[in-house]
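Visitor: Could you pick one small spot in this model and take me through it up close? After that, please carry on to other parts worth a look, at a pace a first-year student can follow.

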Amino acid sequence: MKFTMSWLKHHLDTDATVDQIADALTDLGLEVEEISNPIDRLSAFTIGKVKAAEKHPDADKLRVCQVETDDGMTQIICGAPNARAGITVVIAKPGVYVPGIDTTIGVGKIRGIESFGMMCSEREMELSDEHDGIIELPSGDVGQSFADWLATNDPAKVDPVIEIAITPNRPDALGVRGIALDLAARGLGTMRDIPDPVITATHPCPITVTIDDDTLDQCPVFYGRVIRGVKNGPSPDWLQQLLKAIGLRPISFLVDVTNFFTYDRNRPLHVFDADKVAGNALRVYRARGGETLTALDEKEYTLAEGMTVIADAHGPESIAGVMGGLQSGCTEDTTNVFIEAAYFDPIRTAYTGRALKINSDARYRFERGIDPAWTPFGLDHATQMILDHAGGDASEVVVAGRIPDVSRAYKLDTDRVQSLVGMTIPADVQRKTLTDLGFSLDGDLAHVPSWRPDVMGEADLVEEVARVASLTKLQGKPMARTDVGVPKPVLTLAQRREQMARRTMAALGYNECVTYSFVDQAAADRFGGGDDAHMLGNPISSEMSHMRPSLLPGLLQAAARNQARGFNDLALFEVGPVWHGGEPEDQETLVCGILVGHTGPKDVHGSRRGVDLYDAKADAEAILSSLGAPARVQFQRGLSDWWHPGRSARMALGKTSLAGYGELHPRVLDQFDVKGPVVGFAVHLKNIPIPKAKSATRPALVLSDLQAVERDFAFVVPAEVEAVTLVNAALGADKALIEDVRVFDEFIGGSLGDGQKSLAVTVRIQPKDATLTDKDIEAVADKVVTKVTKATGGTLRG
């Protein structure tokens, strides 16, 4: 949004400088993006007087001028036809940059005679397109700054232009008067009263307007009138300069009037050549789809079903709220004009503009919201301007529909400023602020002005008061302590566990992945999801149609992408949520990791090997240990079908699953195009028991000064017995003395016969109170044999 200082002062009586206004606007939430001040580029130019001008001896069109400047008499060669003695001119001395010709003036010779500067034309100084001769000033003192002279005698040519950024919730600031209202509320001036004109109609409006019943939600109201006998042509200089200053091209007076009010009051208008409106009737309706229209940009557009259209007897004449049609547009020959002032639905206007890829000032404002209540007044102001400058007779106003009721009021709680913003603002100041912004107060009720669609609640009233008072006045204060002493931890147990899991995984050499929570249906199906409960209502794409039931799909996809780029040995992990259904309680946070390929690079020692389930088991145990899980858990079969049935296991406490680990099924690897082997694990954070001891420190390290004893046992057991069953049985033989049991050998075949195997274990016995005697050790050994025999059905190997 661009405007000039003089335009702003048309609405705001102020003595504030450009910098003061810019600072206030930014502080009010209307961020200033650029200030273009012509004085800055003209400050180096000064005024001089030509004392003598003689013909150049070697050029018929050049004159050698003696010019009086603040540096004394200066010789300047000039080719302008009006260069003569006695005129007051604008001088560019050597070293001065001339913007119109993009040149820095220097001392030079022209046909053998030196020239020490330049006398400038208006185009060379970018003041206008005039370049038939140099500038002749009617007044001015030698050495006076030309910028100062312009500021006093022709201020429009040095009028600063301010550009501000408009947020979508502030359509009122798309008009200069709305900006002035904010500045007046801040105290940088007072609003000028601009009375609404009273138009005397001389005849009925010859053009009728109707709105289809099913279109009233897209165009609630439409005002219009005809002005006969206008004389269209170039706009007055003040209007042309105003439009040029903000980057608009003057077209003709009738069109320029609509552009003026678009920026002056955020009131888009449109003018039809009344003689080109077929049937003397306009109809606003929803497009059926397929209609075509050549718009003012001379492009043909095909309208989609539901777009708002203004049509005459021959067909569409305007895309409502977006752009008018070329056929009924005003030209230099227009003598009878129909002025349209309507209100169009913001959402429908936005859909239409996006679908047709049309960006116009009208669309930009309608889709953000204009003041519906000012619709008839906007028509009257435009009518008066046309009558004043182009003549003619105005008709009566034709109206279709009615102005939508946007009135609403909210309670002003003056104490909420302190609680919501942290500022102390007196109640009377708050009330005055809202009144200055156009709100009307009835007791504690603040009635919102029709041009502020963004104010939708009590909190918005507080925001208005706070931004006008300036949020820069906020003082930082520490939050009050609720408890005395050392504050309690902020993080919950679940958050601390997630943090610890990430640290542990990184310490184990894994790289963290952060993948989307959405997967395609095929991946969801493979990992137990893919049903309607997991399906998104409005997915980003077909590859992100379902909530993920596991973290493994994302990790496998990351592994496939890395393998495609030559990285074959990977250790990846992720900590994040998964969904087992569509309800909130079906969400769970998991820690998942995968190992792909080999344990490391090739080396001379031959230590490189493929990863196996024991690598995944060791890492899963490390995670559980870091999170405080019990050291002794049960290992169970029966994981989901994406795990290898014979190379996977569940770590559990009774029926509560703590983690699962193993080798991923080959079918899964084929589906995700991953080259194996791939092993992985998944840890259920919510199932890990909460430690009974809530100390923030680790427990004291307990070391025994008594010598531990190790005994080896070999048991012949049925082949289907898991080693963990034997280990758990041995551990339970004497929980007070047996510290650890490890499997160190497995033997199958030989003299054992079919269906049998031998498992050898080392049992570590740690005395607590006294050194164990041989009798004590033998007693523990007998307990181990008895417990294992009972649990496995095996026998001690002889």
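**Starting from one threonine**

Guide: Let's begin with a backbone nitrogen, the one belonging to alanine 16: it sits 3.0 Å from a polar atom in the side chain of threonine 14. Keep in mind as we go that this is a predicted model. Threonine 14 itself is in the loop between β2 (12–13) and α2 (18–28). Is threonine 14 buried or exposed? It counts as buried, because its relative accessibility is 8%, and the cut-off for buried is under 20%. If you skip residues up to four places away in sequence, threonine 14 touches Lys9, Leu188 and Gly189. For a sense of distance, look over at glutamate 130: it is 116 residues from threonine 14 along the chain, and their C-alpha atoms are 33 Å apart.

Now for a couple of arginines. Arginine 467 lies in helix α13 (residues 458–469). With a relative accessible area of 7%, arginine 467 is buried. Its side chain has a polar contact of 2.9 Å with the side chain of aspartate 182. Setting aside residues up to four places away in sequence, arginine 467 touches Asp27, Leu28, Arg170, Asp182, Arg186, Leu437 and Arg452. Arginine 363 belongs to helix α9 (residues 361–366), and at 9% relative accessibility it counts as buried too. Its contacts beyond four places in sequence include Gly321, Val322, Thr349 and Ala350.

What about an arginine that is out in the open? Try arginine 111, in the loop between β10 (108–110) and β11 (113–115). It counts as exposed, since its relative accessibility is 52%. Check its backbone as well: phi is near 50°, a positive value in a residue other than glycine. Asparagine 280 also has a positive phi of about 50°, and it isn't a glycine either. You'll find asparagine 280 in the loop between β17 (270–273) and β18 (281–286), where it counts as partly exposed at 39% relative accessibility.

Let's turn to how helices meet. The axes of α7 (residues 253–264) and α10 (residues 375–390) come within 10 Å and cross at roughly 145°. That crossing of α7 and α10 is right-handed. On the α7 side, the contact is made by Phe253, Leu254, Val257, Phe260 and Phe261; from α10 come His381, Ala382, Met385, Ile386, His389 and Ala390. What kinds of residues are these? The contact of α7 with α10 divides into 9 nonpolar, 2 polar and no charged residues.

Next, follow helix α17 (residues 613–626) from end to end. Its 14 residues, at 1.5 Å a residue, should span 20 Å, and its end C-alpha atoms are indeed 20 Å apart, so the two agree. At the N-terminal end, aspartate 612 acts as a cap for α17: one of its side-chain oxygens lies 3.0 Å from the backbone nitrogen of tyrosine 614. Which residues of α17 are buried? They are Leu613, Asp615, Ala616, Asp619, Ala620, Ile623 and Leu624. Here's a handy rule for reading such a list: an α-helix has 3.6 residues a turn, so residues three or four places apart point the same way. The buried residues of α17 pack against α14 (493–507), β34 (587–596), β36 (643–653), β37 (656–664) and β38 (678–684). Just after α17, glycine 628 takes a positive phi of about 90°.

Two prolines come next. The peptide bond from glycine 676 to proline 677 is cis, with omega near 0°, and proline 677 is in the loop between α18 (666–671) and β38. Proline 689 is in the loop between β38 and β39 and counts as partly exposed at 30% relative accessibility. Leaving out neighbours within four places in sequence, proline 689 is in contact with Arg497, Pro630, Leu653 and Leu658. From proline 689 to glutamine 20 is 63 Å in space, C-alpha to C-alpha, and 669 residues in sequence.

Our last stop is helix α19 (residues 723–731), where the buried residues are Val724, Leu726, Val727, Ala729, Ala730 and Leu731. What covers them includes β35 (634–636), β39 (709–718), β40 (738–748), β41 (756–765) and α20 (774–792).

Conventions. Residues numbered from 1 in each chain as written. Predicted model: local features only at pLDDT ≥ 70, side-chain atom pairs only at ≥ 80, totals over all residues. Heavy atoms only, no water. Axes fitted to C-alpha atoms, helices over the stretch in contact; angles between N-to-C directions. Helix = DSSP H or I, 4+ residues; strand = E, 2+ residues; numbered from the N terminus. Left-handed = near helix turned anticlockwise from the far one by under 90°. Contact = heavy atoms within 4.5 Å. Nonpolar A, V, L, I, M, F, W, Y, C, P; charged D, E, K, R; others polar. Expected span 1.5 Å × (residues − 1). Buried < 20%, exposed > 50% of the residue type's maximum accessible area, 1.4 Å probe, protein only. Polar contact = N/O pair within 3.5 Å; in protein donor to acceptor, adjacent residues only side chain to side chain.
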